[in-house]
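Here is a short report on one protein chain, written for reading beside the model. Keep the sequence and the 3D view open as you go.

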Amino acid sequence: MLIDVTDVTFDSEVIKSDLPVLIDMWALWCGPCRMVEPILTKLSEKYDGKVKFCRMNVDENKTVPAKYHVMSIPNMIFLKNGEVVDTAIGALPESALQSKVESLL
């Protein structure tokens, strides 16, 4: 399950998470974002209880994307203990995303 987060809920859902987090920065109009969504949903089910999968609409939330210098979407940020450990920009294939998720464990 992808958890929708906002500028307001980012700290509690992502930074303070006990689990490693993948947060997907996306927008409704973004075609590649729509291509990645089913992959992230599938991975979120596979890694349920091990990795938290979140997403943030960059059109509705400006503070967090600016803080993390998000210039292109989809932009996935991988965090562990509230710290960025990896990023991925663009519509990556499932195998590449799964490899990055595995590196969080």
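His69 is exposed, with a relative accessible area of 65%. The model is a predicted one. His69 sits in the loop between H3 and E4. Its phi is positive, about 55°, although His69 is not a glycine. Most residues other than glycine have a negative phi, and most peptide bonds are trans.

The loop between helix H3 (63-67) and E4 also holds Pro74. The peptide bond from Ile73 to Pro74 is cis, with omega near 0°.

Asn81 also has a positive phi, near 55°, and is not a glycine. Asn81 belongs to the loop between E4 and E5. Asn81 is exposed, at a relative accessible area of 67%. The table puts the exposed residues of this report side by side.

| Residue | Relative accessible area | Location |
|---|---|---|
| His69 | 65% | loop between H3 and E4 |
| Asn81 | 67% | loop between E4 and E5 |
| Ser95 | 56% | helix H4 (residues 94-104) |

**Overall build**

The protein chain has 4 helices and 5 strands. Along the sequence they follow the pattern β-α-β-α-β-α-β-β-α. The C-alpha atoms fill a box of roughly 30 × 30 × 20 Å along the principal axes. A compact globule of 105 residues would have a radius of gyration near 13 Å, and the protein chain agrees with this at 12 Å.

Of the 105 residues, 45% count as buried. The protein chain exposes about 5,700 Å², and carbon and sulfur atoms supply 55% of that area. Among contacts with a separation of 6 or more, 70% join residues 24 or more positions apart. One pair shows distant sequence positions meeting in space: Ser95 and Ile39 are 56 residues apart in sequence, with C-alpha atoms 9.6 Å apart.

**The sheet**

In what order do the 5 strands line up in the open sheet? The order is E1-E3-E2-E4-E5, with mixed pairing. Strand E1 (3-4) and strand E5 (83-89) are the edges, and each pairs on one side only.

E4 pairs with E2 in the antiparallel sense over 5 bridges. Within this pairing, Asp24 has Met76 of E4 as its bridge partner. Leu22 stands opposite Phe78 in E4. E4 also pairs with E5 in the antiparallel sense, over 6 bridges. There, Lys80 stands opposite Glu83 in E5. E4 and E5 form a hairpin with 2 residues between them, and Asn81 is in the turn.

Is E4 enclosed or open to the outside? 5 of the 6 residues of E4 are buried, so the strand is largely enclosed by the rest of the structure.

**Two nonpolar cores**

In soluble globular proteins, nonpolar side chains tend to be buried together. Here the largest nonpolar core has 19 residues. Val14, Ile23, Met25 and Ile73 have the most contacts inside this core. Helix H1 (10-15), strand E2 (21-26), strand E3 (52-57) and strand E4 (75-80) each supply at least two of its residues. E2 gives the largest share, 4 residues.

Val14 shows how such contacts reach across the chain. Neighbours within four places in sequence aside, Val14 is in contact with Val5, Thr9, Val21, Ile23, Cys54 and Leu79. Apart from the largest core lies another core, of 15 residues. Its members include Leu40, Phe53, Phe78 and Val101.

**Cysteines**

The structure holds 1 disulfide. Which cysteines does this disulfide join? Cys30 is joined to Cys33, with an S to S distance of 2.3 Å. The torsion about this S-S bond is about 80°, so the disulfide is right-handed. Both Cys30 and Cys33 are buried.

Why does Cys54 make no such bond? The closest cysteine sulfur, in Cys33, is 16 Å from the sulfur of Cys54, which is too far for a bond. A disulfide needs the two sulfur atoms within 2.5 Å. Cys54 is buried, with a relative accessible area of 0%. Cys54 is also one of the residues in contact with Val14.

Definitions and conventions
Residues are numbered from 1 along each chain as its sequence is written. Side-chain values use heavy atoms; hydrogens and water are left out. Buried means under 20% relative accessible area, exposed over 50%, partly exposed in between (1.4 Å probe, protein chains only). A nonpolar core is a set of buried Ala, Val, Leu, Ile, Met, Phe, Trp, Tyr and Cys residues joined through side-chain atoms within 4.5 Å. Contact means heavy atoms within 4.5 Å. The radius of gyration is taken over C-alpha atoms; the globule rule is 2.2 Å times the number of residues to the power 0.38. Accessible areas come from the Shrake-Rupley method with a 1.4 Å probe; for residues, only the protein chains shown count as cover. Two strands pair if DSSP finds at least two bridges between them.
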